[in-house]
Amino acid sequence: RVVAFSPCGQKLATGGDDRAVILWNAQTGKAEEVMKGHTRKVSAVCFSADGARLASGGWDKSIRVWDAASGAMLRALEHGSCVE
């Protein structure tokens, strides 16, 4: 279970055992995007410095890069071990 605030503080990203990365509106508390692609639990989330992208890592040995505005997956990278 992981959580990260966007640099502007308006969005919140979470990840966990359900294998999804969820983008939340930090002011309303409503989920805005549910991003799926990991095949095992999500163990890391981090926004880029400008808040435009979000990276997630998981026990499926992958790192995924997402567009923080649309929730679209931009890239999937393979890692040699679980990402923590």
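This briefing walks through the fold, the core and some selected residues of one protein chain. The model is predicted. The chain has eight strands and zero helices. Its radius of gyration is 12 Å, which agrees with the value near 12 Å for a compact globule of 84 residues.

**Overall build**

- From the N terminus on, the elements run β-β-β-β-β-β-β-β.
- The C-alpha trace spans about 35 × 25 × 20 Å along its principal axes.
- Of the 84 residues, 37% count as buried.
- The accessible surface comes to about 4,800 Å². Carbon and sulfur atoms account for 52% of that surface.
- Take the contacts between residues at least 6 apart in sequence: 28% of them join residues at least 24 apart.

**The nonpolar core**

- In soluble globular proteins, nonpolar side chains tend to be buried together.
- The largest nonpolar core here has twelve residues. Among them are Val 2, Ala 4, Ala 13, Val 21, Leu 23 and Met 35. Val 42, Val 45, Phe 47, Leu 54, Trp 66 and Ala 68 also belong to this core.
- Strands β1 (2-5), β3 (20-25) and β5 (42-47) each supply at least two residues of the core. β5 gives the most, with three residues.
- Leu 54 is one of the core residues. Beyond four places in sequence, Leu 54 touches Ala 13, Val 21, Leu 23, Met 35, Val 45, Cys 46, Phe 47, Arg 64, Val 65 and Trp 66.

**Strand β1 and its hairpin**

- In a regular strand the side chains alternate between the two faces of the sheet.
- β1 shows this alternation. Val 2 and Ala 4 point to one face and are buried. Val 3 and Phe 5 point to the other face and are not buried.
- β1 pairs with strand β2 (residues 11-15) in the antiparallel sense, over four bridges. Val 2 stands opposite Gly 15 in β2.
- Five residues lie between the two strands of this hairpin. In the hairpin, Gly 9 takes a positive phi near 80 degrees.

**Positive phi outside glycine**

- Most residues other than glycine have a negative phi.
- Arg 19 is not a glycine, yet its phi is positive, at about 70 degrees. Arg 19 is found in the loop between β2 and β3. Arg 19 counts as partly exposed because its relative accessibility is 44%, between the cut-offs of 20% and 50%.
- Lys 61 also has a positive phi, near 65 degrees. Lys 61 is found in the loop between β6 (53-58) and β7. At 39% relative accessibility, Lys 61 counts as partly exposed.

**Three residues of strand β7**

- *Ile 63.* Ile 63 has its place in β7. Its relative accessibility is 26%, so Ile 63 counts as partly exposed. Leaving aside neighbours within four places in sequence, Ile 63 is in contact with Ser 56, Gly 57, Arg 75, Ala 76, Leu 77, His 79 and Val 83. Ile 63 and Ala 4 are 59 residues apart along the chain, and their C-alpha atoms are separated by 16 Å.
- *Arg 64.* Arg 64 is found in β7 (residues 62-67). Is Arg 64 buried or exposed? Arg 64 is buried, because its relative accessible area is 12%, and buried means under 20%.
- *Polar partners of Arg 64.* A polar atom of the Arg 64 side chain lies 3.1 Å from the backbone oxygen of Gly 37. The side chains of Arg 64 and Ser 62 are joined by a polar contact of 3.4 Å.
- *Neighbours of Arg 64.* Not counting residues up to four places away in sequence, Arg 64 touches Gly 37, His 38, Leu 54, Ala 55, Ser 56, Met 73, Arg 75 and Ala 76.
- *Trp 66.* Trp 66 lies in β7 and is part of the largest nonpolar core. At 2% relative accessibility, Trp 66 counts as buried.
- *Polar partner of Trp 66.* Which side chain forms a polar contact of 2.8 Å with the side chain of Trp 66? The partner is Ser 56.
- *Neighbours of Trp 66.* Leaving aside neighbours within four places in sequence, the contacts of Trp 66 include Val 21, Met 35, Gly 37, Leu 54, Gly 71 and Met 73.
- *Trp 66 and Thr 14.* These two residues are 52 residues apart along the chain, and their C-alpha atoms are separated by 13 Å.

Technical notes:
Residues are numbered from 1 along each chain as its sequence is written. Side-chain values use heavy atoms; hydrogens and water are left out. A nonpolar core is a set of buried Ala, Val, Leu, Ile, Met, Phe, Trp, Tyr and Cys residues joined through side-chain atoms within 4.5 Å. Buried means under 20% relative accessible area, exposed over 50%, partly exposed in between (1.4 Å probe, protein chains only). Contact means heavy atoms within 4.5 Å. A polar contact is a pair of N or O atoms within 3.5 Å; within protein, one must be able to donate a hydrogen and the other to accept it, and residues adjacent in sequence count only if both atoms are side-chain atoms. The radius of gyration is taken over C-alpha atoms; the globule rule is 2.2 Å times the number of residues to the power 0.38. Accessible areas come from the Shrake-Rupley method with a 1.4 Å probe; for residues, only the protein chains shown count as cover. Two strands pair if DSSP finds at least two bridges between them.
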